[in-house]
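Dear colleague,

I am passing a structure on to you with this email, and I would ask you to look it over before you read my notes underneath.

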Amino acid sequence: MGREEWTVVSAEEVYRNDRGLVVSREEVRLSDGRKVSDFYQVRMPSHATIYATTPDGLVACIRQYKHGPRAVALTLPGGLIDLGEDSLEAAKRELLEETGLASNTWTALGSFTMGGNQGIGVSHLFRAEHAETMRAPDPGDLEDMALEYLSPERVLAELESGGFPIISHVTAIALANLKS
């Protein structure tokens, strides 16, 4: 019990915008036969998050306002994956845009669904080592950020004190440190 797939009986799109957000209402049949008539799914574009270290071992972090947690917080570089774009290529692009850094040493840390039942989006996590400055950061619209280079110990201390409020960033930090 509880290990069988649910059956989607019907689905109705209730909202869509031009940035890839889609909300749908599904009627699903659970594995035990019960029906749920208003099970909502939220689909958003996938995104990449990068734990990038410099040749001297510092971690590239960004301090910026994030509207989800409604706070100025520490984040890792990253962003949305464009339609048809490979997740690694998106990670490389985002690292360069947000920090001006580039790396030739990349490790995929995993890809994870953000919401277990609603979907939300897929977070592709990467570690980039020996990242070097190629140009000035050019983060684009809606982003007022300050680039900070922290020691791995300081990143972990900030993580433990709640300085990184976004789960994909927390996961990337944890996995990068487990696989180092």
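**The pocket and a sheet**

Helix 1 gives the most to the lining of the largest pocket, contributing four residues. Please keep in mind as you read that this is a predicted model.

I began with the pocket itself, where the space in the largest pocket comes to about 1,300 Å³. Its lining is made up of 41 residues, and those that lie nearest the centre of the pocket are Arg19, His47, Lys66, Gly79 and Leu80. Several elements give two or more residues to this lining, and they are strand 4 (47-52), strand 5 (59-66), strand 7 (78-80), helix 1 (87-99), strand 10 (119-129) and helix 3 (167-178). When the lining residues are divided by character, 17 are nonpolar, 14 are polar and 10 are charged.

I then turned to a sheet. As general background, the strands of a sheet pair through backbone hydrogen bonds, and they may do so in a parallel or an antiparallel way. Here three strands form an open sheet in the order 6-5-12, with antiparallel pairing. Strand 6 (71-75) and strand 12 (145-150) are the edge strands, each of them pairing on one side only, and from one strand to the next the twist averages 25°.

Between strand 5 and strand 6, which run antiparallel, there are five bridges. If you would like a single place to find in the viewer, Gln64 stands opposite Ala73, a residue of strand 6.

With best wishes

Note on methods
Residues numbered from 1 in each chain as written. Predicted model: local features only at pLDDT ≥ 70, side-chain atom pairs only at ≥ 80, totals over all residues. Heavy atoms only, no water. 1 Å grid on protein atoms, 1.4 Å probe; cavity = no way out; pocket = protein on both sides within 12 Å on 5 of 7 lines; lining within 4 Å. Points joined across faces, edges and corners; volume = space filled by probe spheres on them. Nonpolar A, V, L, I, M, F, W, Y, C, P; charged D, E, K, R; others polar. Pairing = 2+ DSSP bridges. Axes fitted to C-alpha atoms, helices over the stretch in contact; angles between N-to-C directions.
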